[in-house]
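Here are some short exercises on cysteines and charged pairs, each with a worked solution. Keep the model open beside you as you go.

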Amino acid sequence: MRILIVSQYFWPENFRINDLCAELADRGHEVTVLTGKPNYPDGEVFIEYRENKPNFMHYKGCEIIRVPMIARGKGSSLQLVSNYLSYVFSASLWGAWRLRRKQFDVIFVYEPSPVTVCLPAIFIKKIKKAPVVFWVLDLWPETLEAIGVVKSPKILGWVGRLVRFIYNRCDLVLGQSKAFYTGISRYCDDTNKIKYFPSWSETVFSEKGISPIEEIVRHKSAFKILFAGNVGEAQDFPSILNAAEIIKSKKINAIFFIVGDGRAFDWVQSEVLSRGLEEYVTLLGRHPLESMPSFYACADALLVTLKDSPAFKMTIPGKVQSYMMAGKPILTMLSGEGSRVIDEAKCGYIANSGDFEQLACNVEKMISLDRGELRALGENAKRYADNEFDRDKLITQLEDWFIELSGQSKEKGL
């Protein structure tokens with residue numbers, strides 16, 4: 001099949017769409033990616049891209065069409081909005097021009113945010129007469145309200161109308177959790193085209209070759225808790241630091257290791273210093289996806305958090321699947337679907353969003369477990385991931401949907 005992937009983010013940025021594109025190409029499909037210039041999460045275009053653009057025009061059998069856009073920057077809401085809108089206009093106009101000689105059987109849209117990423121796909125659909133599949137990983141306008149970016153009911157109403165326009169022009173709308181059905185159906189007139197499609201763990205988490213991370217393993221006697229991913233507003237770092245303060249006050253021998261970067265990184269760094277938490281919170285910065293299994297292997301437990309909001313209660317953070325595949329006990333501080341999955345898998349201890357006291361209590365409780373009990377939690381996590389988030393099975397299901405929408409037979413599609 002000839003597949004167009006529309007994604008504002010793509011390699012060398014670390015997102016699950018990279019893995020999906022590589023797998024589709026490996027299965028024999030012709031994959032073209034319409035994306036922007038790599039600038040996430042630092043907010044500046046990657047220097048390696050600026051210095052050698054031709055090296056970033058192909059990825060594991062996929063052709064990459066990059067369009068000009070304004071970098072997201074750091075800290076400025078205006079620049080972030082400019083980043084979103086510039087991709088929409090550039091991908092719709094410049095992107096459509098660059099794709100003028102290509103035909104596609106299906107257009108797939110990857111949306112960790114913003115929802116506007118689907119607008120170029122809808123525009124190109126009109127030209128190419130190809131169906132659009134929209135993978136919703138972030139609910140709008142609920143997420144905008146949850147992180148405080150938009151507070152005006154009037155503006156949220158406008159965004160809601162935009163979301164309705166988008167959903168109703170897609171041929172298939174995929175929700176990353178079963179709870180997303182409610183949020184999507186509020187704006188999608190034809191609920192029959194809403195399907196459940198969760199994330200999976202990238203293949204790198206199934207590979208061997210783990211190397212010890214010195215910054216972590218040298219703390220031999222401490223209970224090591226790892227947070228990996230975006231350091232942003234949604235992850236509620238104030239509550240994580242509050243839990244660390246309780247652990248400090250109780251002289252619990254535990255350390256939070258933060259691996260990642262984002263718009264809140266500088267704030268977290270300054271708060272760690274001002275609160276005197278240097279012995280309890282260590283920021284390790286951003287590292288490539290390929291090194292994450294080594295970080296996970298050195299930890300005693302893995303932490304996932306989200307702020308309290310109706311949208312986040314319906315969300316399973318993408319890191320949950322990778323955490324589970326790593327076979328480690330999991331600590332949560334999030335409400336709804338994410339904690340439900342951990343509880344159902346019996347692979348860790350859960351706390352509701354913002355409940356830093358319960359998180360600190362759960363850390364203390366987990367430290368009291370012996371090695372066998374910790375190992376059992378990790379094994380439960382891996383078993384659940386294998387059953388519910390199997391990569392091959394999920395991508396095959398997506399492939400089948402593509403073939404069905406394009407009107408091809410499976411033999412012809414493959």
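The exercises below work through a predicted model, starting with cysteines and moving on to salt bridges.

**Exercise 1. Work out how many disulfides the structure holds, and why Cys 21 is not bonded to Cys 62.**

Step 1. Recall the chemistry: a disulfide is a covalent bond between the sulfur atoms of two cysteines.

Step 2. Find the cysteine sulfur closest to that of Cys 21. This is the sulfur of Cys 62, at 5.0 Å.

Step 3. Compare with the cut-off, which asks for two cysteine sulfur atoms within 2.5 Å. The gap between Cys 21 and Cys 62 is therefore too far for a bond.

Step 4. Repeat for Cys 347, whose nearest cysteine sulfur belongs to Cys 361 and is 18 Å away. Cys 347 is in no disulfide.

Step 5. Give the total: the structure holds zero disulfides.

**Exercise 2. Decide whether Cys 21 and Cys 347 are buried or exposed.**

Step 1. Use the cut-off: buried means under 20% relative accessible area.

Step 2. Cys 21 has 0% relative accessibility, so it counts as buried.

Step 3. Cys 347 also comes out at 0% relative accessibility and counts as buried.

**Exercise 3. Find which parts of the chain are tied together by the salt bridge between Glu 63 and Lys 102.**

Step 1. Start from the principle that side chains of opposite charge can pair when their charged atoms come close.

Step 2. Check the distance: the closest N and O atoms of Glu 63 and Lys 102 are 2.9 Å apart, and the cut-off is 4 Å.

Step 3. Place the partners. Glu 63 sits in strand β4 and Lys 102 in the loop between α3 and β5, so the pair ties together parts 39 residues apart in sequence.

Step 4. Add the surroundings of Glu 63: at 27% relative accessibility, this residue is partly exposed.

**Exercise 4. Do the same for Arg 164 and Asp 189.**

Step 1. Their side chains meet in a salt bridge, with 3.0 Å from N to O.

Step 2. Arg 164 belongs to helix α6, while Asp 189 is in the loop between α7 and β8, so the bridge ties together parts 25 residues apart in sequence.

Step 3. Arg 164 is partly exposed at 33% relative accessibility, whereas Asp 189 is exposed at 59%.

**Exercise 5. State how many salt bridges the structure holds, and which residues share partners in one network.**

Step 1. The count is 19 salt bridges.

Step 2. Salt bridges with shared partners join Asp 19, Glu 23, Arg 27, Arg 391, Asp 392 and Glu 399 into one network.

Conventions:
Residues are numbered from 1 along each chain as its sequence is written. This is a predicted model: local features need pLDDT of at least 70, side-chain atom pairs count only at pLDDT 80 or more; totals for chains, interfaces and linings use all residues. Side-chain values use heavy atoms; hydrogens and water are left out. Buried means under 20% relative accessible area, exposed over 50%, partly exposed in between (1.4 Å probe, protein chains only). Helices (H or I, at least four residues) and strands (E, at least two) are DSSP runs, numbered from the N terminus.
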